[in-house]
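User: Please take a close look at one part of this model, the largest pocket, and then relate that part to the rest of the fold. I would like a connected account that keeps to what the coordinates support.

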Amino acid sequence: MVIPVHDLNPLRRTPWVTYALIAVNVVALLLTPAAPSTIAGGPAPAALCQQAAFYDRYAAIPRELVGGHPLRLVPTGQVAVGPRGPGCVVTRPSYQKNPVLSVLYSMFLHAGWLHLLGNMLFLLIFGNNIEDRLRPAGYLLFYLACGYVAAYGFAAANPSSVQPLIGASGAISGVLGAYLVLYPRARVWSLVPFLLFIPVRIPAWLVLGLWFVLQWAYSVGFVFGALAGLALRAVSNRPRATP
């Protein structure tokens, strides 16, 4: 896919909320158990089990979101050796997990630096204009709402899944959907992988359309953001009564 670098869409104010979201995501990754191994190489079995336990405790899990209660068995973070080799020990959870809050936590958890940087790049380039349009408070609420809609939409389509949902892709998909509706003709400088990376200025609808195809799992969030963008555009274009 193309890699966006910069959009030609001026701002009226500094996007402090977008910067803060990026900072929180970076700090959250640094605090995860397997963060050092994502830099040095593949994580060891102990780190994998610790990371699995961390995700099961804090990340959103479709079955939990649909059922409204935590899983009966979860990893403890410890490693044991069985007939098939080393594996993670599982037992009943020793903590009380709130599935609703887990969606919020999931928006700031990532599987590694590549996962994080890809999401933050799109948030930085396209989120600043949506923040500029909605203003900081409205933008933050919109961002979180998109994340919740995407998570619960995925859970509704996969109610039996116990795979943790991590990453800001759901929230960002809503931001990109709104951008596509509000600024479809904006030009975006992007790197196109053709032998080498060639810088090309292409329309926003093409960049975001490719992102939508690759991130199909979060299509609900993207559609939600697009509908919100349509509503915002309709309100902005409504003629005002003169006194």
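Analyst:
**The largest pocket and its setting**

In this predicted model, helix α3, which spans residues 45–58, gives the largest share of the lining of the largest pocket, namely three residues. The complete lining is made up of A52, Y55, D56, R63, L71, L73, P75, V162, Q163, P164 and I166, and the space that they line has a volume of about 240 Å³. Sorted by class, eight of the lining residues are nonpolar, one is polar and two are charged.

One of the lining residues, I166, can be followed further. I166 is found in the loop that runs between α6 and α7, the latter being residues 169–182. With a relative accessible area of 13%, I166 is buried, because it falls under the 20% limit for that class. Its place in space also brings together separate parts of the chain: I166 and H115 are 51 residues apart in sequence, while their C-alpha atoms are 9.9 Å apart.

The pocket belongs to a protein with nine helices and five strands, and these elements follow one another along the sequence as β-α-α-α-α-β-β-α-α-α-β-β-α-α. Of the 243 residues in the protein, 42% are buried.

Beyond the pocket, the charged contacts give a second view of how parts of the chain are joined, and a search of the whole structure finds three salt bridges. In one of them D132 pairs with R12, with 3.3 Å between the closest N and O atoms. Since D132 lies in helix α6 and R12 in the loop between β1 and α1 (16–30), this pair ties together parts that are 120 residues apart in sequence. The two partners differ in their surroundings, for D132 is buried at 5% relative accessibility, whereas R12 is exposed, with a relative accessible area of 63%. D132 also meets the side chain of R13 in a salt bridge, at 3.2 Å from N to O. Here too the pair ties together helix α6, where D132 lies, and the loop between β1 and α1, where R13 lies, parts that are 119 residues apart in sequence. R13 counts as partly exposed, at 27% relative accessibility.

Another salt bridge links K97 and E64, whose closest N and O atoms are 2.7 Å apart. K97 is in the loop between β3 (85–91) and α5 (99–106) and E64 is in helix α4 (residues 62–67), so this pair ties together parts that are 33 residues apart in sequence. In this case K97 is buried, at 9% relative accessibility, and E64 is buried as well, with a relative accessible area of 1%. As for shared partners, salt bridges join R12, R13 and D132 into one network.

Helix α6, which covers residues 113–157, also holds R135. The backbone deserves a check at this position, as R135 has a positive phi of about 70° although it is not a glycine. Most residues other than glycine have a negative phi.

Turning to the strands, P4 is placed in strand β1, residues 3–7, and is buried, with a relative accessible area of 1%. P4 and P199 are 195 residues apart in sequence, and yet their C-alpha atoms are separated by 9.3 Å in space.

A nonpolar patch on the surface completes the picture: V5, L8 and W189 make up a patch of about 260 Å². W189 belongs to strand β4, which covers residues 187–194, and is partly exposed, with a relative accessible area of 35%. That value is over the 30% that a residue needs in order to be part of such a patch.

To return to the part you asked about, the pocket of about 240 Å³ has a lining with eight nonpolar residues, with helix α3 giving the largest share and the buried I166 among the residues that line it.

Note on methods
Residues are numbered from 1 along each chain as its sequence is written. This is a predicted model: local features need pLDDT of at least 70, side-chain atom pairs count only at pLDDT 80 or more; totals for chains, interfaces and linings use all residues. Side-chain values use heavy atoms; hydrogens and water are left out. On a 1 Å grid over the protein atoms alone, a cavity is a set of points where a 1.4 Å probe fits but cannot get out, and a pocket is an open set with protein on both sides within 12 Å along at least five of seven lines; lining residues have an atom within 4 Å of a point. Grid points are joined across faces, edges and corners, and a volume is the space filled by probe spheres set on the points. Helices (H or I, at least four residues) and strands (E, at least two) are DSSP runs, numbered from the N terminus. Ala, Val, Leu, Ile, Met, Phe, Trp, Tyr, Cys and Pro count as nonpolar, Asp, Glu, Lys and Arg as charged, and the others, Gly among them, as polar. Patches are made of residues with over 30% relative accessible area and no salt bridge: like charges are joined within 9 Å, nonpolar side chains (Val, Leu, Ile, Met, Phe, Trp, Tyr) within 5 Å. Accessible areas come from the Shrake-Rupley method with a 1.4 Å probe; for residues, only the protein chains shown count as cover. A salt bridge is a side-chain nitrogen of Lys or Arg within 4 Å of a carboxyl oxygen of Asp or Glu. Buried means under 20% relative accessible area, exposed over 50%, partly exposed in between (1.4 Å probe, protein chains only).
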